[in-house]
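Please open the structure in a viewer and follow the selections below in order.

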Amino acid sequence: MADFRRTDDIATCLMIRRVVFIEGQNVPEDLEVDGEDHLCRHYLGVVEGNAVATARVKPLGCQAKIQRVAVLEDLCSKGIGTDLMRFILSDLAGEFEEAVLGSQTHAIGFYARLGFEAFGPEYDDAGIPHRDMRRTL
C-alpha cells in the first residue's frame, strides 16, 4: 500500500522525474527541469519507504495545473498513479475550481477515468503528442 503526501523534497521528485521522463522517455533535461518547481506544490507516493511516484501542481488563479505525473515503471500497473491523482484531486478540492493538465495522448484514457475531459487540438510537447484536459473540482 502506498502513502501519499505533499512534500518539500523536490530533489526526490526530480529523481523520479529523471528516471521516468529524461531516461525513460528521452525528454531533454532542460525541458524537464524547467526552473518552475519553486512555483509549484509537490506530491510524493511512497511504498515501503521508497519514493515511487510524484507530481507537481502549479496554481493558476482558480485553476490548478497538474504536471509531471510520474510513476516508476515497475509500479505502473499497480494503481499507484490512480491513487496519487485521487489524493491530489482531494487535496485541491475546495481551494481551486478546476484542475487542468496536458496529457500524453496514450494516457488520455487514464485521466478520463478520473473525470478529466480532453479539449483543444493535439500538440507536441518534448517530442511527445499531448492533449489538454480539464476537470471541475
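Select Cys-62 first: in this predicted model, its sulfur lies 17 Å from the closest cysteine sulfur, that of Cys-40, which is too far for a bond. Cys-62 is partly exposed, because its relative accessibility is 40%. Next, select Cys-13, whose closest cysteine sulfur is also in Cys-40, at 10 Å, again too far for a bond. Cys-13 is buried, with a relative accessible area of 0%. A disulfide would require two cysteine sulfur atoms within 2.5 Å; the structure holds zero disulfides.

Now display the strands as a cartoon. Seven of them form an open sheet in the order S1-S2-S3-S4-S5-S7-S6, with mixed pairing. Its edges are S1 and S6 (117–125), each of which pairs on one side only. From one strand to the next, the twist averages 25°. Add H1, which packs on this sheet and touches S1, S2, S3, S4, S5 and S7; the direction of H1 makes about 95° with that of S3.

Move to S2 and S3, which are antiparallel and joined by seven bridges. Select Tyr-43 and its bridge partner in S3, Ala-55.

Finally, turn to the largest nonpolar core, which has 37 residues. Select Ile-66, Ile-80, Met-85, Ile-88, Leu-92, Tyr-111 and Phe-116, the residues that touch the most other members. Helix H3 (80–92) is among the elements giving two or more residues to this core, and its six residues are the largest share. Within that selection, centre on Leu-92: leaving aside residues up to four places away in sequence, Leu-92 touches Arg-41, Tyr-43, Val-57, Ala-64, Ile-66 and Leu-137.

Conventions:
Residues numbered from 1 in each chain as written. Predicted model: local features only at pLDDT ≥ 70, side-chain atom pairs only at ≥ 80, totals over all residues. Heavy atoms only, no water. Buried < 20%, exposed > 50% of the residue type's maximum accessible area, 1.4 Å probe, protein only. Core = buried A, V, L, I, M, F, W, Y, C linked by side-chain atoms within 4.5 Å. Helix = DSSP H or I, 4+ residues; strand = E, 2+ residues; numbered from the N terminus. Contact = heavy atoms within 4.5 Å. Pairing = 2+ DSSP bridges. Axes fitted to C-alpha atoms, helices over the stretch in contact; angles between N-to-C directions.
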